[in-house]
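Open the model in your viewer and keep the selection tool at hand. The tour goes stop by stop, with something to select at each one.

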Amino acid sequence: MFLDEVVLSVCSGRGGAGSGSLHREKFVPRGGPDGGDGGRGGDVILRVEPGLSSLQRFQLERSFQAHHGGSGEASKRHGANGASVVLPVPRGTMVFDVATGRLLADLDQMGSELIVARGGRGGRGNTHFASPTFQAPRRRELGEPAVTLKVRLELRLIADLGLVGLPNAGKSTLLARLTGAHPKIADYPFTTLSPNLGVAELPSGHTITAADVPGLIEGAHLGAGLGVGFLRHLARTRVLVHVVDAQLGAEEAVAAHRKVAEELRLHSEELGAKASVIAVNKVDLMDSGLAQAVVAALGHAVGGEQPVIAISAATGEGTDALLDAAAQLMSTSPKVSPQGGEFRLYQGPTGRETAFKVVAGEGIMRVEGEAVERLVRTTDLDDDSSVLRLQRQLLRLGVEAALVAAGAQPGSDVEIAGQTFSFFPEDVARDSLAGGRSDP
Ligand SMILES: Nc1nc2c(ncn2[C@@H]2O[C@H](COP(=O)(O)OP(=O)(O)OP(=O)(O)O)[C@@H](O)[C@H]2O)c(=O)[nH]1
Ligand SMILES: [Mg+2]
């Protein structure tokens with residue numbers, strides 16, 4: 001099976017905790033802080049790599065976890081950084097956040113990459129918190145937590161030329177003729193079950209990529225035949241080649257072309273309006289006068305708006321002229337810009353989001369907000385000075401003021417990130433601790 005849509009569960013590594021170690025040495029009874037920083041957690045990264053044309057590698061494995069950062073240690077030893085997981089994806093992979101439906105990135109360039117789940121930063125060790133007035137702090141930070149999310153990958157093949165037509169028209173034979181691809185070819189409809197991709201070389205030396213898709217039939221835009229799913233692979237092509245079997249005769253050939261054009265138009269306006277060339281195929285099997293009649297009838301039907309070229313995908317007759325015509329159209333039709341504009345980096349919960357809200361509940365107030373909750377999660381709550389620092393940060397973010405405004409009293413219970421605190425506004429807290437220390 002050709003896999004062009006898949007949901008993955010990804011989880012980054014959490015950051016390692018900073019160390020709260022105090023230096024110990026013979027004859028030095030009380031050394032200064034020497035706790036190293038925690039290591040970074042690994043990222044989960046999607047990267048576009050050449051040679052891939054489906055999401056096949058995710059057939060069996062859909063859940064990925066990067067490594068956690070190691071804890072910092074005594075003697076200022078930095079914890080090991082957690083290894084990242086890099087997942088190769090084909091060009092044209094779009095990445096959506098399943099929870100919100102938001103497009104996170106449109107990976108349309110070779111080498112594009114997306115950090116889909118960013119590893120947590122390591123916590124700082126206590127060496128960062130030494131100050132002249134506070135010589136032996138135990139304070140250290142915990143690492144940031146991991147990021148877990150579900151992403152949906154949707155592949156839209158990126159090809160310059162898209163080969164369309166009724167089943168059995170000879171699309172795959174033409175793809176094989178134009179490119180080095182080896183698609184399955186057979187004398188029955190629906191031989192092709194999934195798109196094939198190949199690279200064609202133009203007489204000019206330039207290369208173009210071409211894709212064929214399963215044969216279209218009436219109702220394709222509604223899911224008839226092999227379904228609507230494959231039509232999206234045509235959205236990024238610059239030029240379409242309508243392959244029509246000349247053996248149908250003039251009248252039937254015109255009807256066949258009209259049906260396919262109609263299905264494209266019904267699928268999307270954009271597809272219907274794409275520049276296209278008509279290839280009247282299998283002319284090797286026909287009397288040349290009859291073949292010319294088919295070409296003329298199609299030319300008449302499209303009002304001279306599209307080039308109509310007699311070819312034989314089997315013998316190669318006319319295929320150079322076809323490529324020329326396609327290249328000509330391509331030079332005047334714009335490259336399809338990726339959806340969502342620029343490639344975007346998903347920051348995950350480590351982004352700079354400081355909005356929060358206070359939810360007043362029965363006897364307890366809850367503070368909700370990414371940044372605020374993160375601060376709490378990364379604080380070593382067993383360490384008084386870390387807690388004091390947390391409180392200062394909350395003050396700076398305006399949390400304290402918001403709590404007071406919401407009616408919090410000294411001693412009220414406040415919940416943040418699943419932890420319950422007793423609320424003591426800053427001035428109260430300062431009085432209860434040895435004063436005079438300034439936050440570094
Ligand atoms: N003689 C001759 N036979 C051809 C030519 N092009 C295709 N055929 C034959 O037509 C049949 C169908 O060709 P395919 O390339 O499989 O057709 P398709 O459009 O890809 O068909 P689906 O994948 O089923 O939609 C095969 O038996 C081919 O060998 C041609 O130019 N001349
Ligand atoms: Mg085919």
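Which residue in E3 does Cys-11 stand opposite? Select Cys-11 and look across to E3: the residue standing opposite is Gln-65. Before going further, note that this is a predicted model.

**Stop 1: the five-stranded sheet**

Select strand E1, residues 5–11, and strand E3, residues 63–65. E1 and E3 run parallel and are joined by three bridges. Now pick Val-10 in the viewer; Phe-64 in E3 stands opposite Val-10.

Next, add strand E8, residues 148–155, to the selection. E1 and E8 pair in the antiparallel sense, over seven bridges. Val-10 is useful here again, since Leu-149 in E8 also stands opposite Val-10. In a regular strand, side chains alternate between the two faces of the sheet.

Continue with strand E5, residues 93–97. E5 is joined to E8 by five bridges, and E5 and E8 run antiparallel. To find a pair of residues here, select Asp-97 and look for Val-151 in E8, which stands opposite Asp-97.

Then add strand E6, residues 103–107, which pairs with E5 in the antiparallel sense over four bridges. The bridge partner of Val-95 in E6 is Ala-105. E5 and E6 form a hairpin with five residues between the strands. Select Gly-101 in this hairpin: Gly-101 takes a positive phi near 80°.

With these strands shown together, what is their order? The open sheet of five strands reads E3-E1-E8-E5-E6, and its pairing is mixed. E3 and E6 are the edge strands, each pairing on one side only. On average, neighbouring strands of this sheet are turned by 25° against each other, direction ignored.

**Stop 2: two loop residues**

Select Ser-21, in the loop between E1 and strand E2 (44–48). Is Ser-21 buried or exposed? Ser-21 counts as buried because 22 C-beta neighbours lie inside 10 Å. Now add Gly-72 to the selection. Ser-21 and Gly-72 are 51 residues apart in sequence, and their C-alpha atoms are 9.2 Å apart in space.

Move on to Lys-76, in the loop between E3 and strand E4 (85–89). The phi of Lys-76 is near 60°, which is a positive value in a residue other than glycine. Lys-76 has 17 C-beta neighbours inside 10 Å, so Lys-76 counts as partly exposed.

**Stop 3: around the ligand**

Select ligand 1 and show the residues around it. There are 24 residues around ligand 1, and those that come nearest are Gly-170, Ser-172, Thr-192, Gly-215 and Ala-314. Which helix gives the largest share of this shell? Helix H1, residues 171–178, does, with three residues. By type, the shell divides into 10 nonpolar, 10 polar and four charged residues.

**Stop 4: a helix with a buried side**

Select helix H2, residues 250–267. H2 has 18 residues and reaches 26 Å from its first C-alpha to its last, close to the 26 Å expected at 1.5 Å a residue. Colour its buried residues: Ala-253, Ala-256, His-257, Val-260, Ala-261, Glu-263 and Leu-264. Where do these buried residues of H2 lie around the axis? They cover an arc of only 155°, and therefore they are on the same side of H2.

**Stop 5: another lysine**

Go to Lys-282, in the loop between strand E13 (275–281) and helix H4 (288–301). Lys-282 has a phi near 70°, a positive value in a residue other than glycine. Lys-282 counts as buried because it has 24 C-beta neighbours inside 10 Å.

**Stop 6: the four-stranded sheet**

Select strand E16, residues 364–368, together with E15. E15 and E16 pair in the antiparallel sense over four bridges. The bridge partner of Val-358 in E16 is Val-367.

Now show the rest of this open sheet, whose four strands have the order E15-E16-E17-E18, with mixed pairing. Its edge strands are E15 (357–360) and E18 (419–422), each pairing on one side only. Neighbouring strands here are turned by 30° against each other on average, direction ignored.

Keep Val-358 selected and add Leu-403, in helix H8 (residues 399–405). Leu-403 and Val-358 are 45 residues apart along the chain, and their C-alpha atoms are separated by 6.8 Å. Leu-403 is buried, with 20 other C-beta atoms within 10 Å.

Terms used. Residues numbered from 1 in each chain as written. Chains lettered and ligands numbered in written order. Pairing = 2+ DSSP bridges. Axes fitted to C-alpha atoms, helices over the stretch in contact; angles between N-to-C directions. Near = placed C-beta within 6 Å. Nonpolar A, V, L, I, M, F, W, Y, C, P; charged D, E, K, R; others polar. Expected span 1.5 Å × (residues − 1). Buried ≥ 20, exposed ≤ 12 C-beta atoms within 10 Å, placed from the backbone. Arc of directions from axis to C-beta.
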